[in-house]
Each structure stands twice: as structure tokens, then as C-alpha cells.
Amino acid sequence: MFKYRLISGIVLISLVTSSLVLKGASGAIVFTVLAMILLLGGMREFFDMTEKIGIPGYKRPGISAAALMVLGISVPAILGKGSVHSQGIIIELLMSFVIISGFVRAMQEEDLKEGLKRQLISLAGFFYIVWSLSFLLRIYFGEGIGMSGRYLLVYMVLVTKCSDIGAYCTGMTTHKLSGGKNHKIAPRLSPGKSWEGFIGGMVLSVVVALILERQLSEHLMFQGKDVITPYIAVGMGIIAATLGFIGDVCESIFKRTAKVKDSGNTIPGMGGVLDVLDSLILVAPLYYLYLQVAVL
């Protein structure tokens, strides 16, 4: 297990670092490959869990939509043809594809009720996984293949993930000090999460957001405007910690219902893609919306 975890860790770190450090199209192509692995893996894990729950969706059209989403956003940007407008058109076309192809499949089912359930699950998977995580691509390619989108994406990911780390460390510490009597938030869904951990995660998230804002201020620009000020950094830390926590619990609903420990085994030795990305699912769309509003 450790061998697979080590290999997976090295591969992931190499891909992430290359996608951020390599300038121009080279880094963008690596990021596209990484996004393809994560979105397709995430969709497969989603459908695997709903299948275990007893409500399978249409897996192939769903995974195909994820692949088209990645290519539809990244390829035009790499070719210098990407824009917010074109990204919006691509997403609308994909939504139409998912809706139409799903209902065509549902009409072919002998049991129409079963077909309708599968179509609704497929739509849920598209919006929950593909649409939400597509904002990682839209932030990265926010200004084509330049570096500003990468800095803004790194900022969001680090602030959000640090809330996970802070929550875990604070939760574990208060659990030991209180003899297991710290205040649980959602014991049925996530027995280890406590209010103490949540607050600890939020504090660390705000601190990291402020430090990064200070250290990277000249790079956290969007369309030539400074979009991360100290006040915004504080708000970002609070919101990222809150939405990150809710995203984590949302995924736990699927895992508990499907009776699985991990969302999947897409990343050998490390578990599922959704276990890694769950806290970003709700943060990314709101962060992207803020970036768009900030430059109006």
C-alpha cells in the first residue's frame, strides 16, 4: 500500500508542479491531462457509488460529458481562442448533450420509471461533479495560458485545503484533550468532525489567506485588477473553510449511503478523486463568480 501511495504521490506532485511552473502551452497541456484524470475519475466514482446505493446512472454519457468539458475549455484556451463567452457556450452545449442523450436512453428503457431515475442521477452527477469542478479549469484558463489564472487557482486551493489540515489537527487535539468529548457536528455522516476542528480550520484558512495575499499580491491579478485585498482574504478564508466543510459532508452522504470508506480507488494507495477534491466542489464556483464580479 505504501509503495502505491508513494508512486501516486510522486506522479500527482509532478503533474501539479509541472502544470503550474511550465509556462505557456506546455504547462496548460499538463494541466489538461491532470484535469482529465480528475474529472473522469470523479464521475466514475460518483456513478460507482450511486450504483451501490441502488440508483445507477448513465455512466458512459456522463463520463463522455466530463471529457468534452475538459477539452472544450482547455483546447480553445491553448489555441488562443478561449474566452468567458466561448466557455459559457461550451457548457450550455454540454448541458444540452447530457439532457438530450439521457432522455433518449431513458426512452429506450423497458421500465420507464427506471430510465427516469437513471437520467436524474446522471444530471445530478453532471452538475455536482463536472459543472462544479469545471470551474477549476475556468480559473486556470481565466486569462488564456498566462500565469495569473494559475496563481489565482493555487491561492484558492491552498486556502481551502489548509482549512482541512487545520480542522484535522485541531479536531484531533481537542478530541484527545477532552477524552473524546469534543462537540461533534455531524456524527452520523462524519464522526470525526467537531466544532472545535471547524473553528481551528477556519482560523488557519484565514491566516494562510492573509499570508498568501501579502506574499503573492503582485500575482493575484485578474484582467489587470488586484482582486485579492486583505479584507477579501479574510472573507475568502471564512467562506472557503465553511463551503469546504459542507462539500466534505456532502460527499460523506454518498459514502455513508453506499457503505464505502473511500469514494473510489482512482488514485492507487490514496483513495478516490472525490476524497481529494470534495472540499473544492462548492468553493470553486463561488470563487470564480467573485473573480468575474470583481472586474466589472
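A salt bridge is here a side-chain nitrogen of Lys or Arg lying within 4 Å of a carboxyl oxygen of Asp or Glu. In this predicted model, the side chains of R118 and E109 meet in such a salt bridge, with a distance of 3.6 Å from N to O. R118 is partly exposed, because its relative accessible area is 21%, and residues count as buried only when that value is under 20%.

By this rule the count of salt bridges comes to 9. One of them joins D275 to K255, the closest N and O atoms of the two residues being 3.0 Å apart. This pair links distant parts of the chain, since D275 belongs to helix α9 (residues 273–277) and K255 to helix α8 (residues 230–258), the two residues being 20 apart in the sequence. K255 is buried, its relative accessible area being 11%. Another salt bridge is formed between the side chains of K261 and D262, at a distance of 4.0 Å from N to O. In that pair K261 counts as exposed, at 69% relative accessibility, whereas D262, at 34% relative accessibility, counts as partly exposed. Salt bridges also link R44, D48 and K59 in a network.

The nonpolar interior is considered next. The largest nonpolar core has 68 residues, and those with the most contacts inside it are L152, Y155, M156 and Y287. Helix α5 (residues 112–140) provides the largest share of this core, namely 12 residues. When residues up to four places away in sequence are not counted, Y287 touches I139, L152, Y155, M156, I228 and M236. Apart from this core there is a second, separate one of 5 residues, which includes F198, M202, A241 and F245.

The geometry of helix α6 (residues 148–177) can be checked against its length in residues. At 1.5 Å a residue, the 30 residues of this helix should span 44 Å, because the expected span is taken as 1.5 Å times one less than the number of residues. The C-alpha atoms at the two ends of helix α6 are 43 Å apart in the model, which agrees with that expectation. Helix α6 is followed by G179, a residue whose phi is positive, near 65 degrees.

Terms used. Residues are numbered from 1 along each chain as its sequence is written. This is a predicted model: local features need pLDDT of at least 70, side-chain atom pairs count only at pLDDT 80 or more; totals for chains, interfaces and linings use all residues. Side-chain values use heavy atoms; hydrogens and water are left out. A nonpolar core is a set of buried Ala, Val, Leu, Ile, Met, Phe, Trp, Tyr and Cys residues joined through side-chain atoms within 4.5 Å. Buried means under 20% relative accessible area, exposed over 50%, partly exposed in between (1.4 Å probe, protein chains only). Helices (H or I, at least four residues) and strands (E, at least two) are DSSP runs, numbered from the N terminus. Contact means heavy atoms within 4.5 Å.
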